[in-house]
Amino acid sequence: MKAFLMYKDQDFDLQQPLPPQAPALIQDLELNTLFNAMALGDTFLFEVAKKAILCSTQHDLDTIHYRQHILKDCLKHAALVREIYNLTVEAIDRERRHFLGLLSRYPDAILHRSLEVLQMFVSILKKLRQIADEHAAEFESEGFRRFFAMLDKELSDDYFAIVQQHLKALEFREGVLISARLGRGNKGINYILRKPPEREQNWLERLFAERAPSYSFTIPDRDESGSRTLSDLKGRGINLVANALAQSTDHILSFFAMLRTELAFYIGCLNLYGQLAQRGEPLCFPLPAPHNERRLTCTGLYDVSLALTMEQRVVSNDVQADGKDLIIITGANKGGKSTFLRSIGLAQLMMQCGMFVPAISFCANVCTGVFTHYKRREDVTMRSGKLDEELSRMSNIIDIITPDSLLLLNESFAATNEREGAEIARQIITALLEKRIKVCFVTHLYEFAHSFYNKHMETALFLRADRQADGTRTFKLIEGEPLETSYGEDLYKRIF
Amino acid sequence: MTFHSILFPETEESSRKETAEAPDCFIDLNLDQIVDAITASKQEYDLKPFFYTPLHDLDTILYRHEIMRDLENTALFEHIQAFAQKMRRMREHLAQAEKLYYKYQKERWFLDAVGLYCEAVTALARDLADVDLQSRGLLALRAYVTDYAGSDPFTSLMAETKQLQADLAAIHYCLLIKGSTIRVRKYEAESDYSVDIEETFAKFRQGAVKDYLVKFRSWPEMDHVEAQILELVARLYPDIFSHLDDYYISNAHYLNATIAAFDREIQFYVAYLEHIARFKRAGLSFCYPHVSSTSKEVYAYAAFDLALAHKLLNEKSPVVCNDFSLTGKERIIVVTGPNQGGKTTFARTFGQLHYLASIGCPVPGRQAQLFLFDRLFTHFEKEEDIKDLRSKLEDDLIRLHDILEHATTDSLIILNEILTSTTVNDALFLSKKIMEKIVQLDALSVWVTFIDELSAFSEQTVSMVSTVVPENPALRTYKIVRKPADGLAHAIAIAEKYRLTYHALKERLQA
């Protein structure tokens, strides 16, 4: 039994490692703000959101669509989905309360605990079945339909009856039947618990069968060592069954755990949706395009991390960058360049993991990896110079970046004089483009930006932070030639 | 040719000589360490008495060389190891049977011990048939084992053993435990319940889960409840168990004495070959020495101290080999030279090679010719014993007197740094007196000394010197070479190395 709510045909692996660039992404795109909004203080939800979003860049369009449909169902039936989620949480919590500890040395105790846990699991599985019975028809997505059909098929009434029979038989009211053979020194070995013949069916047969000889003896009450041997023998006999049963409970537990993990992603989405809708921010399901295309067209794109921290509505941008490999953003300080860059990265990651995105409309090609290279504060350890540090980070990215990745650069290579910085940037960016890597570069390196502008490349887009004639900012980006000053003077004037 | 012993050809009149105590020379030559190391993993065979017994006839030495050479064939060696392994398990089974209380337990361990014995013998006969053998000893053994394994008593013992084992293995019974009552009956094809459980819950299987199987400790003994169950099982299968009773009584003397003796004695070779294999892997050579009881022209090339090499190998340090050669009238090697230069090691090497040759073993070295001595005397400088009222010098002289009293012209005498606890003049005087006696005996000997004069005592003495690296006199080569004693004071070099010279000390003490 599989949940298959994250992928059509595979489990979501919560233990998968984060990609190497994850720490930089978290820092540069302020992802923790997003994760926190999805988690609402629940560490498990946080963990799932983090893994789902950061490990999403290898997904094909099918998976994105698969999740989008499930998410749409979730938005429609939020209460029901939360109820299923809560059932899984309950199963897992209650299982944990049946503590085994040192008793795990006794098959008897293992068996007993497994029976109790199984009883509890069965009651929750029955509730799950009931929800499926009552509401399955209301769900439209392929994922949920498959899930409910599976519950219906696997958890039939007959099945529950068989399980109930086992649970009763394993109380051993009629005694324990164990087979054995003679091992070294004629000691009993290979103790195996046997299923006693079912009486109802066999009584006639047994009546006419020649009675096989049997001999018995009874251990006196005061014989303590004899009783210990007896329970030891019993333990050896039920060892295999206790193991099988304990492993079965573990399997059911991992079913619940898997279901909980996969639903947790959607619960996180529901949480986020609630908060953004409350602020009146628009959300839309994006249109992903294949990775070998170059698409980026959106309206009303905003920075979701900023929106979650601001009281008022935040500035949004419209972009037309279909067919573009390179977007160079220049212009005024404090003009919304960094916010824009972040909003692109966030929307890309959210789209690729099957979420809605913070925009009125959004269409982009999927990419094989998202990377960020942002200017950092001075290295406090003084181990290496600043340019040294920047280039070393760049080199680490080069080690792992693949064609059709997206690289966001924010004021990179500014740690030296402009001419040198520009030359470094030019060489690096040229190489990246030739490697079919999509680049968004916020930069003050005028010489660099302008040299690309002068090439009149079809595949390059130049955006400028807008500044009105009086020096005030709109925080909107407009298309235009890189300008030589970044209006630092403005800023200086405003502050002094 | 009938098989007698794998250690002694049948011509040996006093067959299977063993010595309980280590010879006197063992400690001085570190042979005790060598034999301890060789026999460490073979305690059960009590092999030391063989190593404590030097041989005095060349034929027995050759007899052993032949067997050793045959055993260098890895296929044969592995066959012997497999045989030994089975025989060891057989002994363990017998010991276990001895210790147990309940009859059916004793009988079963005994039965399985005999089973292992039968396997060991048949496998040995089968394995030996396929190997190319050259030695008189192993050829005779092969004939003997083949004959024995095909004999009626043995084949019928084996058939009966196998039948009984199969009968017991086929027993399959059921216990019905209810409350404190146990009912025992034959197994009636009831199904395995755990399979049922696994099938029922298979649909939930997600991936690997924890193993909840409890590890039950098991020991050979039974308690009264298990014994009672076994009694009842015996009642369910009365024929098999009465057969077991009869078997136990009628086969008490199943073990063939010649096979048992071979199992122990062959380990002398196995232990030695296993021990030297390590050194061979490290690139050191062993050879079968040419042993003579008449010629005192002895030599060895690339010889080394087996005890020291063992230590060095453990420390991954290189092993230095040395040569020696005595021709014509030469009998006495006088070793002088810097301290810590390998002189004592050289003396030990000379002694070890001769001793190991005398027990018929290959010796550490590339090529060797050695003398079959009648006795091997050593006198190495010892710590003063505080309880001993005699002075060290007195002690030295008493011991030397003792040696010279018993030594013959065929003896080997190894002296190391004796007579040090007196003045140089005294030492020179006494040493010359002793040297005269050894020269008179014409016995082979090695004498490590600080008295250079001894090295040119007569035409029978040969001077050998421990050497240093010419460019750095503080560095030892541990090579002992044949050249006149040069009396160079190397002590100053060592002092320099430790910065204990006058100038060095002045500098250091300034602070």
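Which residue of S11(B) stands opposite B:Leu376? The residue is B:Leu412, and the strands around it are described below after some general remarks.

This is a predicted model, in which local features need pLDDT of at least 70 and side-chain atom pairs count only at pLDDT 80 or more, while totals for chains, interfaces and linings use all residues. Residues are numbered from 1 along each chain as its sequence is written, and chains are lettered from A and ligands numbered from 1 in the order in which they are written.

## Chain B overall

The secondary structure of chain B comprises 18 helices and 14 strands. Helices (H or I, at least four residues) and strands (E, at least two) are DSSP runs, numbered from the N terminus. Of the 511 residues in chain B, 37% are buried; a residue is buried if 20 or more other C-beta atoms lie within 10 Å of its own, exposed if 12 or fewer, and partly exposed in between, with C-beta atoms placed from the backbone. Among contacts in chain B between residues at least 6 apart in sequence, 73% join residues at least 24 apart. Two residues are in contact if their C-beta atoms, placed from the backbone, lie within 7 Å.

## Strand S11 of chain B and its partners

Strand S11 (residues 412-416) of chain B has five of its five residues buried, so it is largely enclosed by the rest of the structure. B:Leu412, B:Ile414 and B:Asn416 point one way from S11(B), whereas B:Ile413 and B:Leu415 point the other way. S11(B) pairs with two strands listed in the table; two strands pair if DSSP finds at least two bridges between them. Within the pairing with S12(B), B:Ile413 stands opposite B:Ser445.

| Strand pair | Sense | Bridges |
|---|---|---|
| S10(B), residues 376-380, with S11(B) | parallel | five bridges |
| S11(B) with S12(B), residues 444-448 | parallel | five bridges |
| S5(B), residues 299-303, with S6(B) | antiparallel | three bridges |
| S1(A), residues 176-182, with S1(B) | antiparallel | six bridges |

## An open sheet in chain B

Four strands of chain B form an open sheet of mixed pairing in the order S4-S9-S5-S6. Its edge strands, S4 (290-292) and S6 (322-325), each pair on one side only. Neighbouring strands of this sheet are turned by 20 degrees against each other on average, direction ignored. In S6(B), B:Ser325 is the bridge partner of B:Tyr299. Helix H14 (residues 343-358) of chain B lies across S4, S5, S6 and S9 (367-371), running at about 75 degrees to S9(B). For these angles, axes are lines fitted to C-alpha atoms, for helices over the stretch in contact, and angles run from 0 to 180 degrees between N-to-C directions.

## Two helices

The expected span of a helix is 1.5 Å times one less than its number of residues. For the 25 residues of helix H12 (residues 257-281) of chain B this gives 36 Å, and the end C-alpha atoms are 37 Å apart, which agrees. H12(B) has a kink of about 30 degrees centred on B:Phe268; the bend at a residue is the angle between axes fitted to the seven residues ending there and the seven starting there. The buried residues of H12(B) include B:Ile259, B:Phe262, B:Phe268 and B:Ile276. After H12(B) comes B:Gly283, whose phi is positive, near 95 degrees.

In chain A, the 16 residues of helix H4 (residues 61-76) should span 22 Å, and the end C-alpha atoms are 23 Å apart, which agrees. Among the buried residues of H4(A) are A:Thr63, A:Tyr66, A:Ile70 and A:Cys74. An α-helix has 3.6 residues a turn, so residues three or four places apart point the same way. The buried residues of H4(A) pack against elements of chain A including helix H5 (78-97), helix H10 (224-278) and strand S4 (287-289).

## Where the chains meet

The contact takes 57 residues from chain B and 60 residues from chain A. H10(B) provides the largest share of the side of chain B that touches chain A, nine residues. By class, this side of chain B has 29 nonpolar, 11 polar and 17 charged residues. Here Ala, Val, Leu, Ile, Met, Phe, Trp, Tyr, Cys and Pro count as nonpolar, Asp, Glu, Lys and Arg as charged, and the others, Gly among them, as polar. In the pairing of S1(A) with S1(B), A:Leu177 stands opposite B:Leu176.

## Positive phi in chain A

Most residues other than glycine have a negative phi. A:Asn186, in the loop between S1 and strand S2 (188-193) of chain A, has a positive phi of about 60 degrees although it is not a glycine. A:Asn186 is buried, with 28 other C-beta atoms within 10 Å.
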